[in-house]
Amino acid sequence: YGILFMNDGDTLQSTKVGYGQTPKFTGNEPVRKADTLFTYKFSGWTPEVTAVIGNQVYTAVFDTIERRYTITFVNNGDTLTSRDFVYGQTPEYVGQTPEKEATAVFLYSFAGWEPKVGKVTAKQVYTAQFDSAYVNYIVKFTVIGGENLYYSDTAHYGDTIIAPKTDSLGYEF
């Protein structure tokens with residue numbers, strides 16, 4: 001009897017087997033190409049291969065596995081979290097809000113991720129982004145030996161401060 005082993009419309013093997021014998025597929029394990037949503041794993045034949053009682057076509061059957069991609073969130077080169085998400089999901093960072101240490105010049109506040117977080121279509125790394133604001137320093141001048149405030153101003157790191165030459169009453173120094 002004629003026996004065919006098929007995969008997605010293609011003949012993988014054609015053989016003749018006598019009545020009552022069990023056919024065997026002797027080729028490489030059938031494969032189905034992955035697509036953006038799924039990968040496929042060969043799981044057997046339909047119908048199940050049994051002793052021959054007539055001509056038979058067996059078709060490859062595949063388990064469908066949701067395609068997953070690794071999404072990584074990083075801050076300053078350090079991985080905060082890395083895990084797999086299913087294609088089409090929108091990943092969400094769950095953890096402490098990323099921080100960046102202040103310097104003498106700037107304070108930093110978390111501003112979001114680069115690139116902007118969107119639906120999963122491939123492996124992706126998201127990097128923490130920060131807004132910066134100058135550190136404000138209050139500069140105070142007082143009269144030598146005195147307790148009265150002569151002059152006060154706000155400045156940033158590296159600014160040159162030039163005090164006025166008169167006090168608040170208009171007296172020159």
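**Exercise 1. Find which residues Ile71 is in contact with, leaving aside its neighbours within four places in sequence, and then place Ile71 in a core.**

*Solution.* Start at Ile71 and skip its neighbours within four places in sequence: Ile71 is then in contact with Thr81, Ser82, Arg83, Phe85, Pro91, Val120, Ala122, Gln124 and Tyr126. Keep in mind as you look around that this is a predicted model.

Next, turn to the core. Ile71 belongs to the largest nonpolar core, which has ten residues, among them Phe85, Val120 and Tyr126. Two elements, β5 (68-75) and β8 (124-134), give two or more residues to this core. A second core, separate and made of nine residues, includes Val17, Phe42, Val52 and Phe62.

**Exercise 2. Decide whether Asn75 is buried or exposed, and find what its side chain reaches.**

*Solution.* First locate Asn75 in strand β5. Its relative accessible area is 11%. Buried means under 20%, so Asn75 is buried.

Now follow the side chain of Asn75: it reaches the backbone oxygen of Glu99 at 2.9 Å. Beyond the neighbours within four places in sequence, the contacts of Asn75 are Leu80, Pro98, Glu99, Ala128 and Phe130. Ala128 and Phe130 are also members of the largest nonpolar core.

**Exercise 3. Find where the cis peptide bonds at Pro47 and Pro115 lie.**

*Solution.* Here is the background: most peptide bonds are trans.

Go to Pro47, in the loop between β3 (38-46) and β4 (56-66). A cis bond links Thr46 to Pro47, with omega about -10°. Then move to Pro115, in the loop between β7 (106-114) and β8. The bond from Glu114 to Pro115 is cis too, with omega about -5°.

**Exercise 4. Work out whether Asn76 is buried or exposed, and look up phi for Asp8 and Asn76.**

*Solution.* Again, begin with the background: most residues other than glycine have a negative phi.

Asp8 sits in the loop between β1 and β2 (10-16). Its phi is positive, about 50°, although Asp8 is not a glycine. Asp8 has a relative accessible area of 47%, so it counts as partly exposed.

Asn76 is in the loop between β5 and β6 (78-86), and its phi is positive as well, near 55°. Exposed means over 50%; Asn76 has 71% relative accessibility and is therefore exposed.

**Exercise 5. Name the residues that make a nonpolar surface patch with Tyr1.**

*Solution.* Tyr1 lies in the segment before β1 (2-7) and is partly exposed, at 42% relative accessible area. Together with Tyr19 and Ile53, Tyr1 makes a nonpolar surface patch of about 400 Å².

Technical notes: Residues are numbered from 1 along each chain as its sequence is written. This is a predicted model: local features need pLDDT of at least 70, side-chain atom pairs count only at pLDDT 80 or more; totals for chains, interfaces and linings use all residues. Side-chain values use heavy atoms; hydrogens and water are left out. A nonpolar core is a set of buried Ala, Val, Leu, Ile, Met, Phe, Trp, Tyr and Cys residues joined through side-chain atoms within 4.5 Å. Buried means under 20% relative accessible area, exposed over 50%, partly exposed in between (1.4 Å probe, protein chains only). Helices (H or I, at least four residues) and strands (E, at least two) are DSSP runs, numbered from the N terminus. Contact means heavy atoms within 4.5 Å. A polar contact is a pair of N or O atoms within 3.5 Å; within protein, one must be able to donate a hydrogen and the other to accept it, and residues adjacent in sequence count only if both atoms are side-chain atoms. Patches are made of residues with over 30% relative accessible area and no salt bridge: like charges are joined within 9 Å, nonpolar side chains (Val, Leu, Ile, Met, Phe, Trp, Tyr) within 5 Å. Accessible areas come from the Shrake-Rupley method with a 1.4 Å probe; for residues, only the protein chains shown count as cover. A salt bridge is a side-chain nitrogen of Lys or Arg within 4 Å of a carboxyl oxygen of Asp or Glu.
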